[in-house]
Amino acid sequence: MLNKVFMKMGFAFIESGVYVNQFNASSLHDLKKFYDLELEIDQGNDFRKRAYLKLQWQRKTKQFYPTKNQNYFQTADSNTVDGGKIRQFKVMDKKILNLAIMQSLIHKNLAMINEYEPLLPYDTLTIGMHFIRYIVNQNNASFSSPDWLHKDDEPLVFIHLVELSRTALGGDNLIADDTKKIMHVIRLENDMDTLVLNKAVYHAVTPLGSRQGTAIRDVLLFTIEPHYTQIETTQDKAA
Ligand SMILES: [Fe+2]
């Protein structure tokens, strides 16, 4: 999946069926409950809620575990609005890792990551899981941060759709070339439809609106980076 064509193209669409099967489909409902109950308003922005969970993965043992240090660092280059500082988000309840759909998602992603050539030199990778809800009604709009074309710090990012209201407007993913010319518009529609990106392209998501009443767009951003790029403490280990 994440082959040389992907490396050059910079993005790939992964359909929901890769993650969802007859054995784990019912746990999608439980995942949505975590979004209802666990997320907190994001930095005073009433239209965006989030929680975060950082894992570490060892290539040798194929084991992953939550890290003790759950701070999130993003450079100012990749986010001119909120970057350049350590941010502490609400830490997601680790019980979420027990859900069958989360096990499927993590194992499928790690199987792809394990083969991904640019990351082969790294024995320890940091996985960032950002659980984000955009929530709006017809009188407002919700934006991502950063709100327009950018490249993330992380060399690989999976954007999993968890839920999109039928009444939602916008929330489309844009892919642009190095001159920031938009080349593709992708709409994640089914639960667990996924877009995976590397740093060969710029990307953005269009603001979310609502045709009527409250609309939500729930996503799970699953980022991968070499262990050393997040600022860690020496005690950073399994927790
Ligand atoms: Fe991004």
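This report describes one helix, one strand with its partners, and several loop residues in a predicted model.

Residues are numbered from 1 along each chain as its sequence is written. Because the model is predicted, local features need pLDDT of at least 70 and side-chain atom pairs count only at pLDDT 80 or more, while totals for chains, interfaces and linings use all residues.

**Helix α3**

Helices (H or I, at least four residues) and strands (E, at least two) are DSSP runs, numbered from the N terminus. Helix α3 covers residues 100–115, which makes 16 residues. From its first C-alpha to its last it reaches 23 Å, close to the 22 Å expected at 1.5 Å a residue. The expected span is 1.5 Å times one less than the number of residues.

A residue is called buried if 20 or more other C-beta atoms lie within 10 Å of its own, exposed if 12 or fewer, and partly exposed in between; the C-beta atoms are placed from the backbone. In α3, Ile-101, Met-102, Leu-105, Asn-109 and Met-112 are buried. Seen down the axis of α3, these buried residues fall within an arc of 105°, so they line one face of the helix. The arc is that of the directions from the helix axis to the C-beta atoms. The face turned away from the buried side of α3 carries the exposed residues Ala-111 and Glu-115. What covers the buried residues of α3 includes α2 (27–38), β8 (156–164) and β15 (215–226).

**Strand β7 and its partners**

Twelve of the 13 residues of β7 are buried, so this strand is largely enclosed by the rest of the structure. Two strands pair if DSSP finds at least two bridges between them. Strand β3 (residues 45–58) runs antiparallel to β7, and eleven bridges join them. Within this pairing, Arg-50 has Ile-132 in β7 as its bridge partner. β7 also pairs with β15 in the antiparallel sense, over twelve bridges. There, Ile-127 stands opposite Ile-224 in β15.

**Residues in loops**

The table lists four loop residues with their surroundings.

| Residue | Loop | Other C-beta atoms within 10 Å | Class |
|---|---|---|---|
| Asp-77 | between β5 (72–74) and β6 (85–87) | 11 | exposed |
| Asp-172 | between β9 (168–170) and β10 | 14 | partly exposed |
| Lys-180 | between β10 (173–176) and β11 (182–186) | 11 | exposed |
| Met-192 | between β11 and β12 (194–197) | 24 | buried |

Most residues other than glycine have a negative phi, and most peptide bonds are trans. Lys-180 has a positive phi of about 70° although it is not a glycine. Met-192, also a residue other than glycine, has a positive phi near 85°. Met-192 counts as buried because 24 other C-beta atoms lie within 10 Å, whereas Lys-180 counts as exposed with 11. A cis peptide bond joins Ser-145 and Pro-146, with omega about 0°. Pro-146 lies in the loop between β7 (124–136) and β8.

Asp-172 and Thr-206 are 34 residues apart in sequence, but their C-alpha atoms are 5.3 Å apart in space. Two residues are in contact if their C-beta atoms, placed from the backbone, lie within 7 Å. Leaving aside neighbours within four places in sequence, Asp-172 is in contact with Val-185, Ile-186, Arg-187, Val-205 and Thr-206. As for Asp-77, its C-alpha atom is separated by 29 Å from that of Asp-193, 116 residues apart along the chain.
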